[in-house]
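User: I'd like to learn how to read salt bridges in a model like this one. Can you walk me through it?

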Amino acid sequence: MSLPFPRPRLRAMTLLAACVLPLLCRAAAPVQLVLRADATVRGEQIVLADLMTVSADDAAVKAALDALRVGPAPRVGAVEQYGRPELERLMHARALPPGAELAWSGARAVKVRAAERLLTSEALQRAASEALQQHLGAAWAGAELRLAGPVADVTLPLGEPVLSTRIVDPAHARARQAVYVDVTVGGKLVRSVLVPFALKLSRVAYVARSDLAAGTVLSANDVEQQREDVSEVVDSMLPVPQLTSSARTVKAVARGQVLLRSHLAQQGLVYRGDTVKLVLAEGGVSIETRAVAQQDGRMGQLVRVKPESSMEAISARVVGAGLVQAEGK
């Protein structure tokens, strides 16, 4: 019986097979995967190396698996979970050569969290306080700010935080004001924190030297100017130096009380008990006399006034500050 190959050639092929077959067997060895129970992601994307340890004879296969993207990192404080079946499907679809086998060990599923850094409440308060002080400016120099509510530390994703501020109701200075601190990381808004303040606002104001009854025509001896805490009345106080020589109270003012706009009669009005100038016009002739107002009245309104030379009241229209024009009896 003759051999299909000469003996030397057959011997060479046998030797070649003896060398190649072990290499083929080693290439087909399963990829070893050790899945972690918990994983922390430091980047914006989850890669397989974050979740497990990969061992493979083929360095290219290991590198491809380690770098395989699984999905975006969870938001700070959230937990996501990946199980073996979905990870295995992903690996076969995107990184493994056909027919590759996997040998699993470790956990059945992995819980994934984003790496965090802490931003302290002190940093938030400092940013808000500086913004509010700058907003108040020279007009309220020396204003005292006190935290009016709790501000907690916040957790952020890794990266350098940038803080920007927004004043709540910036048009007014008040006893209670708040500032929003917006925190961005990597150009993305992560948190907006409200920081509330109680303010002590001091300013020179008019203060009553003694108790003032309603209807008092104020003189220089009735009020004085001194620095007071006006936090609660900042929108209603009478600013210095807006007190006129003809100012008259329409409400009682207690000694030591800050004078408010609402305490004083408005200019251009007539109040009951005022002595007013009365104009009587008839046939192209105008006569001026004095009268006492029997009613309060605004510009253009009719009020009853009693001329000083008459026992009867007549109707007159308010045409100016302390000036009325007769409308007939």
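User: Let's start with Glu-308: is it buried or exposed?

Analyst: Keep in mind that this is a predicted model. Glu-308 comes out at 57% relative accessibility, so it counts as exposed, the cut-off being over 50%.

User: Which residue does Glu-308 form a salt bridge with?

Analyst: The general idea first: side chains of opposite charge can pair when their charged atoms come close. Here the partner is Arg-290, with the closest N and O atoms 3.8 Å apart. Arg-290 lies in strand 18, while Glu-308 is in the loop between strand 19 and strand 20, so the pair ties together parts 18 residues apart in sequence. Arg-290 itself is partly exposed, at 47%.

User: What about Arg-166: which residue is its partner?

Analyst: That's Asp-182, and the closest N and O atoms are 2.8 Å apart. This pair joins strand 12, home of Arg-166, to strand 13, where Asp-182 sits. Check the accessibilities too: Asp-182 is buried at 11%, whereas Arg-166 is partly exposed at 40%.

User: And where in the chain are Arg-113 and Asp-38?

Analyst: Arg-113 is in strand 8 and Asp-38 in strand 2, 75 residues apart, so this salt bridge links distant parts of the chain. Their closest N and O atoms are 3.3 Å apart. Arg-113 is partly exposed at 36%, and Asp-38 is partly exposed as well, at 46%.

User: How many salt bridges does the structure hold?

Analyst: Nine. Look beyond simple pairs, too: Asp-169, Arg-174 and Asp-235 are linked in a salt-bridge network.

How values were computed:
Residues numbered from 1 in each chain as written. Predicted model: local features only at pLDDT ≥ 70, side-chain atom pairs only at ≥ 80, totals over all residues. Heavy atoms only, no water. Salt bridge = Lys/Arg side-chain N within 4 Å of Asp/Glu carboxyl O. Helix = DSSP H or I, 4+ residues; strand = E, 2+ residues; numbered from the N terminus. Buried < 20%, exposed > 50% of the residue type's maximum accessible area, 1.4 Å probe, protein only.
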